Amino acid sequence: MRLFHPRDFSRPARALHFYRRITLGPDSNGRFRCVNIRSEVQSLAKRTMIVDRRNFLKTMATAGAVVVLPSYTAATPAPGSFDFVFFTDTHIQPELDAAHGCDLCFKKIAGLRPEFAMMGGDHVFDAFGVNKVRAGMVYDLYERTEQLLGMPLHHAIGNHDVFGVLAKSGVASTDPAYGKKMFQDRMGRTYYSFDYKGYHFVVLDSVQPTEDRLWEARVDEDQLRWLRDDLKALPHGMPVIAVVHCPLVTAFATYAYTQIVGADRKYNTMTVANAPDVLQIFENANVPAVLQGHTHVNEVVNYKNTQYITSGAVCGNWWRGPRMGTPEGFTVVSLRQGKISWRYETYGFHSVVPPERP
Ligand SMILES: [Fe+2]
């Protein structure tokens, strides 16, 4: 058995490599014990770490891991005031100067000094329809570039982050990295929640591969059950900020109808097909904002008491200029004692190819 110090986990990806399962309990000295199962050898490599509460939470935030506090019996802090960054759809690839673009973007985010960043999915372009060499290469490129952020990170899964599902990839479904496993091994869990300064953050997985090796935008039954329990356990009125790749609520279909009809997809891959199920769960909680990606168009829809903020993409129109009027960029979210405001920022990328006609 080995004892870990928080400095062992200075790189988020490295920390996530170790944490697969976490159970907690304060001992008589008020310290937390967590038991972790290393991903590659889950049945063998149990690790134990004992740290004080402050360092424990700091380490978990850095790891982007699920933090499940034992209960909310202690006084929950009032919602605090701080900024964080939501960036989404980097679609990093060696082509089209994309890595340089991410480099520029991450340096600008780092310069703003937010308390942490949340990534809304589609880290890479692409893992969904390519072989293992290409998928591994773009993931490596993303992980290297992400180090420039130098802050705690929390990731959501996007459709392009799922490995080898499209038949054209040639990947067997028995491949150990198939589907979401590649993401889980590198980035961590696909849905989870954590608390920070009086707010509850929920990250959802909106990508469900289908048996015919396509996919549907959906929040599955296990996740709905988990979300119901997760929100039910919160103190009354605690603000919840959710992150999801495919939008739950968007006006995209109203101004881009031809794109949706033209795609002629078998499944709903534009918005979460069972969004009403998720929204019904939200109705029992205080959810001021849901942060979304996927369309690459900057937009907000107020529905009931929630702002559904879809952020423009870091890659704009897949590194070919602005996407339907939204330039390459990210969203800065400001929380002030339970109130939320946000702004969209660009970072000065110039595409190396002429913009495509809409
Ligand atoms: Fe995307």
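User: In this predicted model, what makes strand E6 and strand E12 the edges of the open sheet of six strands?

Analyst: The strand order in this predicted model is E6-E7-E10-E11-E13-E12, with mixed pairing. Strand E6 (192-196) and strand E12 (299-303) each have a single partner strand, so one side of each is left without a neighbour in the sheet. From one strand to the next, the twist averages 20°.

User: How do you know that strand E11 and strand E13 pair, and in which sense?

Analyst: Pairing requires at least two bridges between the strands. Strand E11 (residues 286-292) and strand E13 (residues 306-310) have four bridges, in the parallel sense. Gln292 stands opposite Thr310 in E13.

User: What makes E4 and E5 paired strands?

Analyst: The threshold is again at least two bridges, and three bridges join strand E4 (residues 117-119) to E5, the two running parallel. Met119 has His155 in E5 as its bridge partner. Both strands belong to an open sheet of five strands, ordered E5-E4-E3-E14-E15. Its edge strands, E5 (153-155) and E15 (339-346), pair on one side only.

User: Why is Ala242 said to touch Val202, Leu204, Val287 and Val290?

Analyst: Contact means that C-beta atoms, placed from the backbone, lie within 7 Å, so each of these pairs is counted on that basis. Residues up to four places away in sequence are left out of this list. Ala242 and Val290 are also among the residues with the most contacts inside the largest nonpolar core, which has 77 residues.

Methods
Residues are numbered from 1 along each chain as its sequence is written. This is a predicted model: local features need pLDDT of at least 70, side-chain atom pairs count only at pLDDT 80 or more; totals for chains, interfaces and linings use all residues. A nonpolar core is a set of buried Ala, Val, Leu, Ile, Met, Phe, Trp, Tyr and Cys residues joined through C-beta atoms within 7 Å. A residue is buried if 20 or more other C-beta atoms lie within 10 Å of its own, exposed if 12 or fewer, and partly exposed in between; C-beta atoms are placed from the backbone. Two residues are in contact if their C-beta atoms, placed from the backbone, lie within 7 Å. Axes are lines fitted to C-alpha atoms, for helices over the stretch in contact, and angles run from 0 to 180 degrees between N-to-C directions.
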